[in-house]
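This report walks through a protein model and the surroundings of its ligands. Please keep the sequence and the structure in view while reading.

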Amino acid sequence: MGDKATLRIWRGNQEGGKFESYDVETYPGMVVLDAIHEVQAKQANDLAVRWNCKAGRCGSCSAEINGKPKLLCMTRMTAFEPGEPITVTPLKTFPLVKDLVTDVSNNFRVAKKIPPFKPRPKEADGTWRMQQEDIDRIQEFRKCIECFLCQDVCHVLRDHHKLEEFAGPRFMIHLATLDMHPLDTIDRRPMMKDQMGIGYCNITRCCTEVCPEHIVITDNGIIPLKERVADDFYDPLKAIWRKVFPPKHKKSLPVLPSDPPKAKAGKKTEKKKESADAEE
Ligand code: SF4
Ligand code: SF4
Ligand code: FES
């Protein structure tokens, strides 16, 4: 017989809810998602939780454990003091669907607004050449698993509800990946300033602290982007220079796609369709 642990899980929907306590028997290597599955299997078959890989890869099982944004599948039960109740709540920043499942579709709406990578033509010999250091710089950002824990913790989204005005840290590093890519041809800096709300970030670094992939979101992604945007638009000489000589390899965007109608809370997103099959 293993030790017992008590989970306090938030149960409910947009109309309201409350915490329910469940005792589970622990075993070596158990993670919080295992404990939730135990509860689902034996005590509350209707408990809703989103997950998919159980390996820290899909980014589906994001929730808040004892108030901290975490992946349920990567948080070991041994991380908590024996006998200490473990509180599990849904992500606070996004609309609740049921129990631990939230509607994160706003993130996919933001993603759709960002024009994808568009490389310049290949060299005469049919290849592209890049400096290794340019690739190394953006490789870090490509580790993102789109768990949206950074979006959840960012106070601009979480406390000030600027989901329309600020794209959030996940998309700032996506924009950084594109802006820093040596082959890309699109100038997204005007949209970073006007539509993605880069000015809202006041570099508190909370996003960096919660990233399970240890991406240094603020210092390596957002701050360099802020400097580039500030140089281009707020340095008077550079602003004039930019007007007279637009960036050589980067084309300004013509018209950006308009927002599609908002998905209602509770609607399954395409990316999470598979995961939704696992919701019970
Ligand atoms: S550093 Fe910027 S993006 Fe990150 S949590 Fe703070 S305000 Fe949000
Ligand atoms: S940057 Fe980190 S915290 Fe944010 S979505 Fe990607 S993996 Fe998750
Ligand atoms: S189930 Fe946790 S990251 Fe995939």
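By class, how many nonpolar, polar and charged residues does the shell around ligand 2 have? The shell has 13 nonpolar residues, no polar ones and three charged ones, where Ala, Val, Leu, Ile, Met, Phe, Trp, Tyr, Cys and Pro count as nonpolar, Asp, Glu, Lys and Arg as charged, and the others, Gly among them, as polar. The model is a predicted one, in which local features need pLDDT of at least 70 and side-chain atom pairs count only at pLDDT 80 or more, while totals for chains, interfaces and linings use all residues. Residues are numbered from 1 along each chain as its sequence is written, and chains are lettered from A and ligands numbered from 1 in the order in which they are written.

**Ligand shells**

A residue counts as near a ligand if its C-beta atom, placed from the backbone, lies within 6 Å of it. Ligand 2 is surrounded by 16 residues, of which Cys144, Cys147, Cys150, Arg170 and Cys211 are the closest. The elements giving two or more residues to this shell are α4 and α6, and α6 supplies the largest share, three residues.

Around ligand 1 lie, among others, Cys154, Cys201, Cys206 and Cys207, together with Arg205 and Thr218. Here α8 (206–210) and α9 (217–234) are the elements that give two or more residues, and the shell has eight nonpolar, three polar and one charged residues.

**Overall fold**

The secondary structure comes to 11 helices and nine strands, taken as DSSP runs (helices H or I, at least four residues; strands E, at least two) and numbered from the N terminus. Of the 280 residues, 33% count as buried, a term that requires 20 or more other C-beta atoms within 10 Å of a residue's own, whereas exposed means 12 or fewer and partly exposed lies in between, with C-beta atoms placed from the backbone.

In helix α2 (residues 105–113), the buried residues are Ser105, Asn106, Asn107 and Val110, and these pack against α4 and α6 (169–179).

**Positive phi values**

Most residues other than glycine have a negative phi. Two exceptions are listed below, Asn66 and Glu146.

| Residue | Phi | Loop |
|---|---|---|
| Asn66 | near 50 degrees | between β3 (62–65) and β4 (68–71) |
| Glu146 | near 55 degrees | between α3 (132–139) and α4 (149–153) |

Asn66 is partly exposed, with 15 other C-beta atoms within 10 Å, and Glu146 is likewise partly exposed, with 19.

Note on methods
Two residues are in contact if their C-beta atoms, placed from the backbone, lie within 7 Å.
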